[in-house]
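Here are a few exercises to work through with the model open on your screen. Try each task before you read its solution.

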Amino acid sequence: MTEPTLNFHIQTHQTQFKIPVELIKKNFKTIQKLIEKQKKQLTDDIAKIKRAQALSSAAKLELIQRLIRNFEAFQKKLTLAVKKDEEFRSRLITRLENLLELLQFVAGLETKGAGEEGEREGAATGGNGDDEADKVLDLHNPNLINWYRDQTNLLIIDYLIKSNTRSDANIGLLLLKNLAETNPKLMKLIDYDLFENFNQVFVSIVQDHDLTMIIAWFNENRNALKKISSNLEFEINYCKFLTLIEKGDINEAINYSRENLSSYGNKENYSDQDSVNHAMNLERLKSLGGLLVFRSMEQEENSNSLTFSNKLMINSVQFKEYQKLLSNERWESLSQCFIENFTKLYGITKNYPIYIYLSAGLSSLKTKSCYHNAENTIFKDPNAAQDAMEMDKGGGEEEKMLTDRKYRGPNHYYQILNKINNCPVCSPELFKLSQNLPYAQLITNIFNNPFKLPNGNIYPFDKLLSPNDKYLLEKNTLLRLNKIKDPLTKEIFYIDHCIRVFPA
C-alpha cells in the first residue's frame, strides 16, 4: 500500500518529541541543582547569623536583608525555570494535537460521538486502535492538504534555520515569525530556539574562529557530554593551543599544554569505551611537539644565531607538513565534533528532514528517461556518433542533434511533441539531490523477447530488427553492418553488445 496511513505519520513525526523531552530533563536537573544550592546557602547563612552573637542588631538585620535578597533572586530564577518547563511541555501537547488532527482525515471514518473518540486517540498514539491507525487518509480532503502545507513549511523552516551562516539575521526565523502571524501553533511545532543556539555556536567556530561560545556550551552540558564519551573538551583545548602558537606565544602555549593537554596522553584518563579517542588524541599530541620545535626555529630565522642546519629544517618538507596543523582543518574538526555531540545529545538526525522526504519522493519518480542520467545521451561513444553522421543522408538538423548538448536527454523530445517536461527529477533545482538516488522499479508492461542496449534502454528485439517504411533503408544498412539504432536516443550499437534480459 503506497497511500499514507496514520501509522506512517506517527512514525515519521516521532523525532519531533525527542528534543522537548530532552529539554525538559535538562531543565529539571537545573531546577534540582538550583534548589540544592539555595538550600545549602540558606542553611549556612542562618547558622552564621546564629553564631554571630557579638554582632549588633543593625549588622544582624543587614545579614537577614541580604539573605532575603538572595532568596528573592533564587525565586526569580526558579520562576523562569518553571516557565521554561511549561513551555517545553506545551510543545509536546501541541505536537500531539497536531497528529490527532489526522483522525478527521481518515478515509471512510465517521464521527459517532464521544464514545468513539477514545478509540481514535488510541489509534493516533499507537495504542489499542491499531486497525484505525492502519487506515489511509483521504487525500482529496482540502483540510488535509492544508495540514500537509503546514508540514512542508516546517520542513523548509527547519532547513533554513539549521543551514543559516549569517550572524546578523536568520532567514528561517524570519519566515517562521511571518507564518506564525496567521498560524501561531507553528512556533510550538519546531524547536527554533535550540537550532538558533546551535547555529550561533557553529558560525562562531567556522567563521569567527572564536572559542567563547563553544566553551560556554560545553560547560553548560559537561555532565551530559561525559556520559556519551565526548571528545569535545580535547578539541577545544587543541584549538586553543594551536591558536597560541599561531600568535607566537610559544611559552604560554607550552604552559597551556602542560595544564590542559598532557593528561589526554594518559590512557588511564579514558574509559574502556573511549579507547578510540585515546588513540586518535595521542597521535595528534605527538605532532604538536614537532610543531613547537619548528616554530621556535622559525622565530630565530631573522637572528644571526640561526645555524645552517636550522635553515635546512625550516625549508624542509616536514616543516611544511607541520604548518598544516595551523590551517582551518582544526576548526572544521572542532565543528564536526560539536555537530556529532549536539545531535547525539538531543537525538537529532544529522541529515536535514526535507532531504529525506525529497529523496524518498524523487526515488519513486526517477526513471531511465531523466536527463541527468549519464547513460541517456544522444551519443556516448564518439565513434558511434561519427558512423551515424556518415550514414545520415539528410545532414543539417540531424548533425546538429548529434553534437549540440541542448538536444541531449528527453527535453528535446518533449519539444518535438509540443509538451512541457514537468518531471521534478529533471528540474535543475533537484538535480544534485537526485543524481545519486536509485531508480524506481516501475513496470508498465512486459513485451516479448526484451533486449537491453548498452545505454540501458530496453526494447523488443523484433522491433529493432523489423524497421518501418520510413527508416527501412537506414535500418537495412545498419543490419548489414551488424548494428542497430536506438529509436529514442538515435545511438548506434553493435548487436553483439546487446543483452537479452528477463523480467523479475
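A polar contact is a pair of N or O atoms within 3.5 Å; within protein, one must be able to donate a hydrogen and the other to accept it, and residues adjacent in sequence count only if both atoms are side-chain atoms. Helices (H or I, at least four residues) and strands (E, at least two) are DSSP runs, numbered from the N terminus. Keep in mind that this is a predicted model, where local features need pLDDT of at least 70, side-chain atom pairs count only at pLDDT 80 or more, and totals for chains, interfaces and linings use all residues. Residues are numbered from 1 along each chain as its sequence is written, and side-chain values use heavy atoms, with hydrogens and water left out.

**Exercise 1. Take stock of the protein chain.**

Step 1: count the elements, and you get 23 helices and five strands.
Step 2: check burial (buried means under 20% relative accessible area, exposed over 50%, partly exposed in between, with a 1.4 Å probe and protein chains only). Of the 504 residues, 37% count as buried.

**Exercise 2. Look at helix H6: how does it start, how far does it reach, and where do its buried residues sit?**

Step 1: at the start of H6, find Asn141, where a side-chain oxygen comes to within 2.9 Å of the backbone nitrogen of Asn143.
Step 2: H6 covers residues 142-162, and its 21 residues reach 31 Å from first C-alpha to last, close to the 30 Å expected at 1.5 Å a residue. That expected span is 1.5 Å times one less than the number of residues.
Step 3: pick out the buried residues, including Trp147, Leu154 and Ile161. Viewed down the axis of H6, the buried residues fall within an arc of 165°, so they line one face of the helix. The arc is that of the directions from the helix axis to the C-beta atoms.
Step 4: see what covers them; H3 and helix H17 (353-365) are among the elements that do.

**Exercise 3. Is Asp85 buried or exposed, and what does it touch?**

Step 1: locate Asp85 in helix H3 (residues 57-100).
Step 2: its relative accessible area is 15%, so Asp85 is buried.
Step 3: look for contacts (heavy atoms within 4.5 Å). Leaving out residues up to four places away in sequence, Asp85 touches Ile24 and Asn27.

**Exercise 4. Which strands form the open sheet, and in what order?**

Step 1: two strands pair if DSSP finds at least two bridges between them.
Step 2: the order is S2-S1-S5, with antiparallel pairing. The edge strands, S2 (458-460) and S5 (499-500), each pair on one side only.
Step 3: S1 (residues 450-452) is joined to S2 by three bridges, and Lys452 stands opposite Ile458 in S2.
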